[in-house]
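Visitor: I'd like to go through this model with you in some detail. Could you put it up and start with the overall picture?

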Amino acid sequence: MPALLAMTPAAQAQTARPVPGGIADILLPASSTRPEARLGDKPVLVRQEPDGWHAWVGIPLDTPPGRLELQLGKGPEARILPFEVQPHSYPVQRLSIKNPRLVTPNPEDELRILADGAVLREARETFDPRREARLPLALPAQGRLSSRFGLQRFFNGQPRAPHSGLDVAVPSGTPVRAPADGVVNQVGDYYFNGLTVFVDHGQGLVSMVCHLSRSRVRPGDTVRQGDVLGDSGQSGRATGPHLHWSMYLNGTAVDPQLLLSSGPGPAR
C-alpha cells in the first residue's frame with residue numbers, strides 16, 4: 001500500500017477554488033491500485049487519502065476560466081473527469097532593475113535564455129512515479145514574504161511574466177533548506193534565475209530555489225526535509241538579496257503556500 005501524503009488536519013480542512021496557479025483536488029473513482037491520471041499529455045500526482053484516491057492537478061497561471069478535463073486511465077477504458085477553473089486576479093507589482101539587459105536582453109543574451117529554457121523545462125517537468133511525495137512542505141528559509149505568487153510584474157515599466165513563486169526576504173548567505181524529501185535533479189546558473197537548485201519530490205512535485213550565492217548539493221544527491229541546499233543571494237535578475245521559491249505540479253508553477261502546513265490547502 002503506498003504511503004499517505006501526510007497533511008495536518010488544519011491544512012486538510014482549508015480549501016480554495018481551483019484557479020489559475022492553484023491546485024484542483026479531484027476525488028477519483030474507487031480503485032484497489034493507484035490510478036493513472038493525466039491533464040493533456042502530462043501525468044498528475046495521485047495520492048491516497050482516507051476517502052480514496054485523489055488527483056492533485058496544477059493549473060497553469062495562463063489558464064482561462066472554464067472547463068478542463070482530467071483523463072483517468074488509457075485506451076478504450078479511459079474516463080474523462082471534467083472540472084471547472086474559476087476566474088482569479090492577482091495584484092500588480094512594479095520593480096526597478098539597474099541592469100537594462102535583465103529587462104531587455106540583447107541577441108547574445110536571448111540565445112542563452114533559449115538554452116536555459118530547455119534545461120529548466122526538463123527539470124521542472126520531471127515525473128518519477130516510484131517516489132512518494134511527502135506533504136506538508138516547509139518554508140525553505142525563515143523571513144518576511146516579500147513577493148507573493150502570481151503578481152503581475154512590470155520591470156522598469158515593461159510588462160513581464162507573472163511571478164511564478166514566493167519570495168522570502170533574507171540576507172545573503174542565509175541557509176536555504178529542502179522543503180521536503182527528494183532527489184536533486186538539476187543545479188545550474190541561469191540568466192534570469194541565477195544559481196538554481198531543483199529537487200524532485202516525486203510524482204511531478206518539483207521545487208526550485210534560485211538567486212543563490214552558493215550551492216551545497218549536486219545532481220543526484222538525496223535530501224531530507226530541512227537539509228541545506230545552498231545559501232541565499234541575488235544572482236540573476238534580482239533587485240536585492242532574497243530567496244525565490246517555486247513549486248511545480250505536472251510541470252506547471254503553483255502557489256507554494258498551498259502546500260505549506262500553514263497554507264490554505266489545495267483548491268477544490
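Guide: The protein exposes about 12,500 Å², of which carbon and sulfur atoms supply 52%; accessible areas come from the Shrake-Rupley method with a 1.4 Å probe, and for residues only the protein chains shown count as cover. This is a predicted model, in which local features need pLDDT of at least 70 and side-chain atom pairs count only at pLDDT 80 or more, while totals for chains, interfaces and linings use all residues. Residues are numbered from 1 along each chain as its sequence is written, and side-chain values use heavy atoms, with hydrogens and water left out.

Visitor: How many helices and strands are there in the protein?

Guide: The protein has two helices and 20 strands, where helices (H or I, at least four residues) and strands (E, at least two) are DSSP runs numbered from the N terminus. Of its 268 residues, 50% count as buried, buried meaning under 20% relative accessible area, exposed over 50% and partly exposed in between, with a 1.4 Å probe and protein chains only. Among contacts (heavy atoms within 4.5 Å) with a separation of 6 or more, residues 24 or more positions apart account for 70%.

Visitor: OK, helices. What is the reach of H2 from its first C-alpha to its last?

Guide: Helix H2 covers residues 107-124, 18 residues in total, and reaches 26 Å between those two atoms, close to the 26 Å expected at 1.5 Å a residue; the expected span is 1.5 Å times one less than the number of residues. At its start, a side-chain oxygen of Asn-106 reaches to within 3.1 Å of the backbone nitrogen of Glu-108.

Visitor: And which residues of H2 are buried?

Guide: Asp-109, Asp-116, Gly-117, Leu-120 and Ala-123 are buried in H2. They cover an arc of only 130° around the axis, which puts them on the same side of H2, the arc being that of the directions from the helix axis to the C-beta atoms. On the other side of the helix, Pro-107, Leu-111, Leu-114 and Glu-122 are exposed.

Visitor: What covers the buried residues of H2?

Guide: The cover includes strand E14 (182-190), strand E15 (194-200) and strand E16 (206-215). To take one of the buried residues, Asp-116 has 10% relative accessibility and touches Tyr-190 and Tyr-191, not counting residues up to four places away in sequence.

Visitor: Switching to strands, how many residues of E19 are buried?

Guide: Seven of the seven residues of strand E19 (residues 243-249) are buried, so the strand is largely enclosed by the rest of the structure. Both of its faces are covered, with Leu-243, Trp-245, Met-247 and Leu-249 buried on one side and His-244, Ser-246 and Tyr-248 buried on the other.

Visitor: Which way does E16 run relative to E19, parallel or antiparallel?

Guide: E16 and E19 run antiparallel and are joined by five bridges, two strands being counted as paired if DSSP finds at least two bridges between them. Within E16 and E19, Val-209 stands opposite Trp-245. E12 and E19 also pair in the antiparallel sense, over three bridges, and here Val-168 stands opposite Leu-243.

Visitor: Is Val-168 buried or exposed?

Guide: Val-168, which is found in strand E12 (residues 166-169), counts as buried at 0% relative accessibility. Leaving aside neighbours within four places in sequence, the contacts of Val-168 include Leu-139, Ala-141, Arg-144, His-242 and Leu-243. Arg-144 is 24 residues away along the chain, yet the C-alpha atoms of Val-168 and Arg-144 are separated by 5.6 Å.

Visitor: What do E19 and E20 form?

Guide: They form a hairpin with two residues between them, and strand E20 (residues 252-254) pairs with E19 in the antiparallel sense over three bridges. In that pairing, Met-247 stands opposite Val-254. Asn-250, in the loop between the two strands, has a positive phi of about 40° although it is not a glycine, and counts as buried at 7% relative accessibility.

Visitor: Which peptide bond is cis?

Guide: The bond from Leu-135 to Pro-136 is cis, with omega near 0°, and Pro-136 lies in the loop between H2 and strand E9 (144-147). As background, most residues other than glycine have a negative phi, and most peptide bonds are trans.

Key:
Polar contact = N/O pair within 3.5 Å; in protein donor to acceptor, adjacent residues only side chain to side chain.
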